[in-house]
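Trainee: I am new to this structure and would like a close look at a single part of it. Could you take me through one helix with care, and then show me what lies around it?

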Amino acid sequence: MKNIFSKSGSDEFLSRINQLKIDSQPLWGKMSVDQMLAHCNVMYEMVYDNIHPKPNSFIRFILRSFIKDKVVDETPYKKNIRTAPQFIITGNCNFDLEKGRLINYIIKTQELGEGEFEGKESLSFGKLTSKEWNNMFTKHLDHHFSQFGV
């Protein structure tokens, strides 16, 4: 598993982002490239920005019990998996804005490093290890960049 907290790991993702073009087409799925970038930003918004509500305790229980392990393990996501409602992006997004936001989030995550994420609480899953955070970030980015052939 790549390490999003390492300079080489984050640089690899930044290189892949920079291969995306405004007219890049998906190999599968329904999202446009601008929607995909906005979709990837949601995970970072949940970490850094206070704009997404914390699920209620029942939903968190369900997420921790049935979803968490699939999200934080090292198994790659399958194509066309269902998307959580807060991650669904509709309409047009600004490609350059979303690309820049994602680049900044990846750089910020790498600069803060593993120590910042050890035991950090996720809105949906509770406290996670830095390895679980890494897996979650890495799997999600790799899945969607592969979706667009980069």
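**A close look at helix α1**

Mentor: In helix α1, which spans residues 7-17, the buried residues are G9, S10, F13, L14, R16 and I17. Because these residues cover an arc of only 160 degrees around the axis, they lie on the same side of α1. On the face turned away from that buried side, α1 carries the exposed residues K7 and S8. As you follow this, please keep in mind that the model is a predicted one, with a mean pLDDT of 94 for the protein chain and 99% of its residues at 70 or more.

The next step is to ask what covers the buried residues of α1, and the cover includes α4 and α6, the latter being residues 130-147. Each of these two helices deserves a look of its own.

Let us take α4 and its partner α2. Two packed helices are described by the angle between their axes and by the distance between those axes. For helix α2 (residues 33-48) and helix α4 (residues 95-112), the axes come within 9 Å and cross at roughly 35 degrees, and the crossing is left-handed. On the α2 side the contact is made by V33, D34, L37, A38, C40, N41, Y44, E45 and Y48, and the residues they meet in α4 are F95, E98, K99, R101, L102, Y105, I106, K108, T109 and L112. Sorted by class, this contact has 11 nonpolar, 2 polar and 6 charged residues. In the protein chain, confidence is highest in α4, at a mean of 98, whereas it is lowest in helix α3 (residues 57-72), at 93.

In the loop between α3 and α4 you will find N94, which counts as partly exposed because its relative accessibility is 45%, and so falls between the cut-offs of 20% for buried and 50% for exposed. N94 is 88 residues away from S6 in sequence, and the C-alpha atoms of the two are 28 Å apart in space.

Turning to α6, the other helix named in the cover of α1, a residue to pick out is N135, which lies in this helix. N135 is buried, because its relative accessible area is 3%, which is under the 20% cut-off. Leaving aside residues up to four places away in sequence, N135 touches M1, V71, V72, D73 and E74.

To return to where we began, α1 has its buried residues on the same side, with α4 and α6 included in what covers them, and has the exposed K7 and S8 on the face turned away.

Terms used:
Residues numbered from 1 in each chain as written. Predicted model: local features only at pLDDT ≥ 70, side-chain atom pairs only at ≥ 80, totals over all residues. Heavy atoms only, no water. Axes fitted to C-alpha atoms, helices over the stretch in contact; angles between N-to-C directions. Helix = DSSP H or I, 4+ residues; strand = E, 2+ residues; numbered from the N terminus. Left-handed = near helix turned anticlockwise from the far one by under 90°. Contact = heavy atoms within 4.5 Å. Nonpolar A, V, L, I, M, F, W, Y, C, P; charged D, E, K, R; others polar. pLDDT = per-residue confidence, 0-100. Buried < 20%, exposed > 50% of the residue type's maximum accessible area, 1.4 Å probe, protein only. Arc of directions from axis to C-beta.
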